[in-house]
Amino acid sequence: MNLKYMYIIALALAPMAGCAQAPETAKDGMNETKKDNPYYSRTDKTKLDLSDEFWQSVLSEDVYYIARKKGTERAFTGKYWDHEGLGDYYCGACGNHLFVSDSKFASQCGWPSFFEAISETSVEYVRDSSHGMIRTEVVCGRCDGHLGHIFDDGPPPTHKRFCMNSVVLDFEPKD
Ligand code: FE
């Protein structure tokens with residue numbers, strides 16, 4: 001049994017063991033994992049070039065799996081696929097500002113979808129030929145973490161669909 005499945009089973013069993021606990025939340029909305037990451041920032045735009053060992057040491061297992069191992073959460077399971085609140089979406093690994101709720105739309109694909117990123121440099125694009133398909137991968141413009149893919153079937157005005165993983169997004173509601 002690999003680590004991923006052991007982790008999922010552990011998550012499923014946690015409530016039964018009476019040890020389920022919401023992550024402790026700091027005043028600024030960062031959870032304990034992010035406080036351990038000295039590079040986490042919602043304002044610093046400096047490009048990061050950090051080792052896989054570093055990311056494994058500061059990210060939770062699910063964020064690490066998506067952001068650094070290019071994993072994909074199961075459709076309709078993420079916390080934001082049908083989320084409608086007004087606010088901002090940040091990279092769950094490094095804090096980079098990625099999207100605003102005004103660009104989010106209901107795509108019914110099971111993953112949070114946006115028609116544009118907050119700026120031209122907030123994300124970068126990488127050709128992805130894995131799994132027998134040619135796709136365009138979207139990575140964080142600051143930490144290079146995998147976020148999802150972009151497709152040409154989105155709504156106006158861009159007709160793009162940024163198909164993202166909830167696990168690597170942090171939503172901050174507007175006051
Ligand atoms: Fe990032």
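In this predicted model, arginine 161 forms a salt bridge with aspartate 153, with the closest N and O atoms 2.7 Å apart. The two partners differ in their surroundings: arginine 161 counts as buried because its relative accessibility is 12%, under the 20% limit for that class, whereas aspartate 153, at 48%, counts as partly exposed. Another salt bridge links aspartate 152 with lysine 160, and here the closest N and O atoms are 2.5 Å apart. Aspartate 152 is exposed at 61% relative accessibility, while lysine 160 is partly exposed, with a relative accessible area of 31%.

These pairs belong to a total of 9 salt bridges in the structure. A further one joins lysine 47 to aspartate 144, where the closest N and O atoms are 3.2 Å apart. Lysine 47 sits in the loop between helix 2 (32–36) and helix 3 (52–58), and aspartate 144 in the loop between strand 6 and strand 7, so this contact ties together parts that are 97 residues apart in sequence. Both ends of the bridge are partly exposed, lysine 47 at 41% relative accessibility and aspartate 144 at 33%. The pair is also part of a network of salt bridges that links Lys47, Glu124 and Asp144. It is a pleasant reminder that side chains of opposite charge can pair when their charged atoms come close.

Aspartate 144 leads naturally to the strands on either side of its loop. Strand 6 (residues 135–140) runs antiparallel to strand 7, and 4 bridges join the two. Within this pairing, valine 138 stands opposite glycine 148 of strand 7. The hairpin that the two strands form has 5 residues between them, and aspartate 144 takes a positive phi near 65 degrees there. Strand 7 (residues 146–151) is mostly covered, with 5 of its 6 residues buried. Strand 7 also pairs with strand 8 (residues 161–164), again in the antiparallel sense and over 4 bridges. One of the contacts in this pairing matches histidine 149 with its bridge partner cysteine 163 in strand 8.

A separate description applies to an open sheet of 3 strands, which has the order 2-1-9 and antiparallel pairing. Strand 2 (97–100) and strand 9 (169–173) stand at the edges; each has a single partner strand, so one side of each is left without a neighbour in the sheet. Neighbouring strands of this sheet are turned against each other by 30 degrees on average, direction ignored. Strand 1 (residues 87–91) is joined to strand 2 by 3 bridges, and the two run antiparallel. In this pairing, tyrosine 90 has histidine 97 of strand 2 as its bridge partner.

Turning to empty space, the second largest pocket has a volume of about 170 Å³. Its lining comprises 14 residues, of which His83, Glu84, Lys104, Phe105 and Ala106 are the closest to the pocket centre. By character, the lining residues of this pocket divide into 5 nonpolar, 6 polar and 3 charged.

Finally, a look at the helical part: aspartate 62 is found in helix 4 (residues 61–67). Aspartate 62 counts as partly exposed because its relative accessibility is 29%. Its C-alpha atom is separated by 9.9 Å from that of threonine 72, a residue 10 positions away along the chain.

Conventions: Residues numbered from 1 in each chain as written. Predicted model: local features only at pLDDT ≥ 70, side-chain atom pairs only at ≥ 80, totals over all residues. Heavy atoms only, no water. Buried < 20%, exposed > 50% of the residue type's maximum accessible area, 1.4 Å probe, protein only. Pairing = 2+ DSSP bridges. Axes fitted to C-alpha atoms, helices over the stretch in contact; angles between N-to-C directions. 1 Å grid on protein atoms, 1.4 Å probe; cavity = no way out; pocket = protein on both sides within 12 Å on 5 of 7 lines; lining within 4 Å. Points joined across faces, edges and corners; volume = space filled by probe spheres on them. Nonpolar A, V, L, I, M, F, W, Y, C, P; charged D, E, K, R; others polar. Salt bridge = Lys/Arg side-chain N within 4 Å of Asp/Glu carboxyl O.
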